[in-house]
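Trainee: Could you take me closely through a single part of this protein, the space enclosed inside it, and then show me how that part sits among its surroundings?

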Amino acid sequence: MRAGSDLADRARAMLLDALELYRDSPRATNWLRRHVDRINEPLRVAVAGLPGVGKSTLVNSLVGEEIAPLLVEEERQVMAWYRGGAVPRAQAYPTQAPPRDVPVARLDGRLHIDLEEWKAEDLDRMVVDWPARSLRGLTLIDTPPIGGDAAGDVGSRISLDADAVLYLMRQLHATDLGFLQSLQDHPIARETPVNALVVLSRADEVGGGRIDALTSAKRLARRYRADVGLTGVSQNAIAVSGLLAHAGRTLTAEEMTSLGVLAAAARRELETAMVSADRFVGDGVPIRLDARTRMALLERFGMFGIRLVTTLIRQGFDTVDALSEQLVQRSGLDELRESIRQCFTDRHDVLKARSALLALEVVLRMEPRPAARRLVSALEALVASAHDFRELRLLAALDGGRTVLPDPLADEARMLVGGVGTALPARLGHPADASGHELHGAVSEALRRWQEQAENHALGTGQRRAARVVVRSCEGMVAQLRRY
């Protein structure tokens, strides 16, 4: 059984009850039917942030190909949904007309769509089907940048359309915090703030792009995990160099040759050329690469990236595969993928149920009627009692250092509440083919241990509260084993 599947079933049943109750309201029934269907769709993850934070670069890094951004006249970005598909396909969804296919091509590994005839205000969104393994079971939504007049529109669309959010920023500012808080500006959302991850997306620029920039950015991310302002709006904070990750995922043999020339240059000559970006691409640089090639490398890797790759090539990572692996590993992309797995994809049903309950609350609030009172009560009771949300909040508290358990309790708590996998054997630290007898023994022992911790007054109040969440997870596994 997947994590949250029971919660998703209950949310679906409540939507169907509401459909019957509101069968005389075309607006309500259309809304509810859309959300019943949405429960079975791939998880929708929006990528959002202020201008210049690298949203499209991160989308390309996650997918491993050049598919974003999608621009119309005056280089304005439109909302773009990227889904897994057998062949490339693109559909335009106009604001005042039915959707229609538009020509799409895959040229040199890049997505090409002719959008010259379109204006941004005439397009609700573009939906692109793209054959990429990373898009199986996932829809990435590349949003226009927030800020200015567009902030409210983009935030509203994300709240309506997305199940989860990757919020990109350079460093935490009031605008970032305000936007994240606005995503929880809904009664159900405030009770279940479990669908956002913060990404420090230009980690290579921390400290002016020094060679230790990524280390500094990771320290900053650790501080943000415990930041009081972010605790109620984000599950985790991850430092990622989107530029480095993107370059690692899409490195070409031609680029490798040019980088090899830089790495072979005398160290003093290279250091002189890299005093500044202007110096690197200017005339008179004693490097056997023309200015156009140097400019292309600067745009692809940045100053930090060029310093790093030349060092790596000198250390022996001198093939496309070897260098690509190093760049992705050092970029922070793997940590981000793991956090997406833990907080989003492993909790697909939980987040889908959350979206369904948000949609149901909208109908109950916008079209109140006496016969719906029982649904209002059932909705409130379900949100208050849903253990899946408590597990996610505890994981965020453990990862952010807001709840600290003594060793080895912390690692066991993370495992039991699904931090390393939500399948029952993974929660118990057993292989997938473990027998029911083995699992029953393991969960019985875990339940006994954590019941003791929940009553252990040597622990603080917050620690005992965390232990009670773990106890409830163990009790859920005992019930599940009866059906195993």
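Mentor: Let us begin with the walls of the largest cavity, to which α7, α8 and α18 (387-400) each supply at least two residues of the lining. The largest share comes from α18, which gives three residues to that lining. Please keep in mind throughout that this is a predicted model, in which the chain averages a pLDDT of 91 and 97% of the residues score at least 70. Confidence is lowest in helix α8 (residues 228-231), at a mean of 78, and α8 is one of the helices that supply the lining, whereas the highest confidence in the chain, at 97, belongs to strand β1 (residues 43-49).

As for the space itself, the structure holds one cavity of 30 Å³ or more, and about 60 Å³ of space lies in the largest cavity. Rolling a probe the size of a water molecule over the atoms shows where empty space is left. If you follow the lining along the chain, you will meet Tyr224, Arg225, Leu230, Thr231, Ser234, Gln235, Asn236 and Ala237, and then Ala396, Asp399, Gly400 and Arg402. Sorted by class, this lining has four nonpolar, five polar and three charged residues.

From the cavity we can move outward by way of helix α7 (residues 213-225), which lies across β9 (164-169), β10 (196-200) and β11 and runs at about 175° to β11. These strands belong to an open sheet of nine strands with mixed pairing, in the order β4-β3-β7-β2-β8-β1-β9-β10-β11. Its edge strands are β4 (100-102) and β11 (237-239), each of which pairs on one side only, and the twist averages 25° from one strand to the next. Strands of a sheet pair through backbone hydrogen bonds, either parallel or antiparallel. An antiparallel example is the pairing of strand β3 (residues 89-94) with strand β7 (residues 123-130), which extends over six bridges, and there Ala90 stands opposite Val128 in β7.

Helix α18 leads us in another direction, since the loop between α18 and α19 (409-416) is the place of Pro408, and a cis peptide bond, with omega at about -5°, joins Asp407 to Pro408. Most residues other than glycine have a negative phi, and most peptide bonds are trans. A cis bond also joins Ala68 and Pro69, with omega at about 0°, and Pro69 is found in the loop between α3 (55-63) and β2 (80-84).

Methods
Residues numbered from 1 in each chain as written. Predicted model: local features only at pLDDT ≥ 70, side-chain atom pairs only at ≥ 80, totals over all residues. Heavy atoms only, no water. pLDDT = per-residue confidence, 0-100. Helix = DSSP H or I, 4+ residues; strand = E, 2+ residues; numbered from the N terminus. Pairing = 2+ DSSP bridges. Axes fitted to C-alpha atoms, helices over the stretch in contact; angles between N-to-C directions. Contact = heavy atoms within 4.5 Å. 1 Å grid on protein atoms, 1.4 Å probe; cavity = no way out; pocket = protein on both sides within 12 Å on 5 of 7 lines; lining within 4 Å. Points joined across faces, edges and corners; volume = space filled by probe spheres on them. Nonpolar A, V, L, I, M, F, W, Y, C, P; charged D, E, K, R; others polar.
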